[in-house]
Amino acid sequence: MYGELVSWQRCAGCGAEAELPGDETAGVAVPCPDCTGSMTEEFSWDAVAA
């Protein structure tokens, strides 16, 4: 499973969506798996409830 931070990302080019581990993608340009665009973070949240 993911770490504590989860990031929801979307591609501006084709609209593909992905839920990614936020602690691994923070500050990194994530390539879109469906086109040549880049994913951008829509929002993030803590996966572990306190």
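Of the 50 residues in this protein, 26% count as buried. Keep in mind that you are looking at a predicted model. The accessible surface of the protein amounts to about 3500 Å², and carbon and sulfur atoms account for 53% of that area.

**The overall layout**

Let us walk along the chain. The protein contains one helix and four strands, and in sequence order they follow the pattern β-β-α-β-β. How do the strands sit beside one another? They make an open sheet of four strands in the order β2-β1-β4-β3, with antiparallel pairing. At the edges of the sheet are β2 (17–21) and β3 (30–31), each of which pairs on one side only.

You can look at one of these pairings in detail. Strands β1 and β2 run antiparallel to each other and are joined over five bridges. Within this region, Trp8 stands opposite Glu19 in β2.

Contacts also reach across the sequence. If you take the contacts between residues at least 6 apart in sequence, 43% of them join residues at least 24 apart.

**The salt bridges**

How many salt bridges does the protein have? The count comes to two, and here they are:

| Salt bridge | N to O distance |
|---|---|
| Arg10 and Glu17 | 2.5 Å |
| Arg10 and Glu42 | 3.7 Å |

Both distances fit the rule for a salt bridge, because that rule asks for a side-chain nitrogen of Lys or Arg within 4 Å of a carboxyl oxygen of Asp or Glu.

Which parts of the chain does the pair of Arg10 and Glu42 link? Arg10 lies in strand β1 (residues 5–11) and Glu42 in strand β4 (residues 38–46), so this salt bridge links distant parts of the chain, 32 residues apart. Salt bridges that share partners join Arg10, Glu17 and Glu42 into one network.

Are these three residues buried or exposed? The answer lies in between: Arg10 is partly exposed, with a relative accessible area of 30%. Glu17 is partly exposed too, at 43%, and Glu42 is partly exposed at 41%. They get this label because buried means under 20% relative accessible area and exposed means over 50%.

**Putting it together**

To picture the fold, start from the sheet order β2-β1-β4-β3. Then find Arg10 in β1 and follow its salt bridge to Glu42 in β4. Finally, return to Arg10 and trace its other salt bridge, the one with Glu17.

Key:
Residues numbered from 1 in each chain as written. Predicted model: local features only at pLDDT ≥ 70, side-chain atom pairs only at ≥ 80, totals over all residues. Heavy atoms only, no water. Helix = DSSP H or I, 4+ residues; strand = E, 2+ residues; numbered from the N terminus. Buried < 20%, exposed > 50% of the residue type's maximum accessible area, 1.4 Å probe, protein only. Contact = heavy atoms within 4.5 Å. Areas by Shrake-Rupley, 256 points an atom, 1.4 Å probe, with all protein chains shown as cover. Pairing = 2+ DSSP bridges.
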